[in-house]
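Let's work through this model together, one question at a time. Keep the picture open beside you as you read.

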Number of protein chains: 2
Amino acid sequence: MDYMKKALDCAKKAEKLGEVPIGAVIVKDKKIIATGYNIREKSQNAIDHAEIIAINRACKKLKSWRLDNCEIYVTLKPCPMCAGAILNARIKNCYYGVENQNDKDALIEKIMNDSKLFNHKTKLIYLPNEQCKTILTQFFKQKR
Amino acid sequence: MDYMKKALDCAKKAEKLGEVPIGAVIVKDKKIIATGYNIREKSQNAIDHAEIIAINRACKKLKSWRLDNCEIYVTLKPCPMCAGAILNARIKNCYYGVENQNDKDALIEKIMNDSKLFNHKTKLIYLPNEQCKTILTQFFKQKR
């Protein structure tokens, strides 16, 4: 299954609500166990990013804060909050479809792979996806 | 009011549940608008750190994801997830009572003050507090 396509479908749901179109899916044993999309404006809640919502749901589903052997697919490279949450949940791999041009110091890599704060590391894997990029570009064009 | 003392009171509630004793309070206009304490084991949810719970409640209370002119007091230096959440919520100042000895690369400072990812910066202020430290030390001693 094309999990990044599924994450993009989530991003489209955010877009319909007028939210920054970002989506995420969590996969375990080749099955999608949780999805999420950004609803920060609708909920007026700073923590309601796609990844946090998906992690919240996955923990509830597995009845565990440890999302062992899980992978997350997210349309845009995670922010520090979401990178930290992915790490806290012990997610194994994080695939993302669009680079964050502002992450000039590779801070997200540092959080996930190079910090003395954690024993666990999450592998960060860039899977360039034009559609994930286009949906974001168009959203910000319309906003201007 | 001694807000760090109030955060410590929250940490004590976590301790009673057998959770790592960490507490947080959010202050606006010299009033506490939200509190939280770590309940990760009880809820089995990776995102249920003290700061996230307090930010969640503060956003609901103010009906806004922007916690403008708010300050957070937390007993232990935030993890990357919580540091990112504090930044995402546009919190002005973050006071913490105990240093994280594993933050050797000052990653938390980088997230809050030195990242190209954000225009907003949160001031990170260390307010050394022996009681915040003791409650943690004792907790981990008993665990061993």
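Q: Among contacts in chain A between residues at least 6 apart in sequence, what share joins residues at least 24 apart?
A: This is a predicted model, in which local features need pLDDT of at least 70 and side-chain atom pairs count only at pLDDT 80 or more, while totals for chains, interfaces and linings use all residues. Residues are numbered from 1 along each chain as written, chains are lettered from A and ligands numbered from 1 in the order in which they are written, and side-chain values use heavy atoms, without hydrogens and water. A contact means heavy atoms within 4.5 Å. Of the chain A contacts between residues at least 6 apart, the share joining residues at least 24 apart is 59%.

Q: In what order do helices and strands follow each other in chain A?
A: Helices (H or I, at least four residues) and strands (E, at least two) are DSSP runs, numbered from the N terminus. Chain A has six helices and five strands. Along the sequence, their order is α-β-β-α-α-β-α-β-α-β-α.

Q: Why can chain A be called as compact as a globular protein of that length?
A: The radius of gyration is taken over C-alpha atoms, and the globule rule is 2.2 Å times the number of residues to the power 0.38. For 144 residues the rule gives 15 Å, and chain A counts as compact because its own value is close to that, at 14 Å.

Q: What percentage of the residues in chain A is buried?
A: Buried means under 20% relative accessible area, exposed over 50%, and partly exposed in between (1.4 Å probe, protein chains only). Chain A has 144 residues, and the buried ones make up 55%.

Q: Which residues of chain A lose the most area to chain B?
A: The contact takes 36 residues from chain A and 36 residues from chain B. Buried area is the accessible area (1.4 Å probe) that two parts lose on being put together, summed over both. Here that area is about 2900 Å², with 66% from carbon and sulfur atoms. On the chain A side, 23% of what is buried comes from three residues together: Gln44(A), Trp65(A) and Leu117(A).

Q: How many residues of helix α4 of chain B are buried, and which elements of chain A help to cover them?
A: This helix runs over residues 80-88, and nine of its nine residues are buried, among them Met81(B), Ile86(B) and Leu87(B). Part of the cover comes from chain B itself, including α3 (50-62) and β3 (70-74). From chain A, the cover includes α4 (80-88) and α5 (107-113).

Q: Is Cys79(B) buried or exposed?
A: Cys79(B) sits in the loop between β3 and α4 of chain B. Beyond its neighbours within four places in sequence, Cys79(B) touches Asn88(A), His49(B) and Ile108(B). Its relative accessibility is 15%, so Cys79(B) counts as buried.

Q: Is Lys30(A) buried or exposed?
A: Find Lys30(A) in the loop between β1 (23-28) and β2 (31-37) of chain A. Its phi is positive, near 65 degrees, in a residue other than glycine. With a relative accessible area of 71%, Lys30(A) is exposed.

Q: What is phi of Asn69(A) near?
A: Asn69(A) belongs to the loop between α3 (50-62) and β3 (70-76) of chain A. At 52% relative accessibility, Asn69(A) counts as exposed. Its phi is positive in a residue other than glycine, near 60 degrees.
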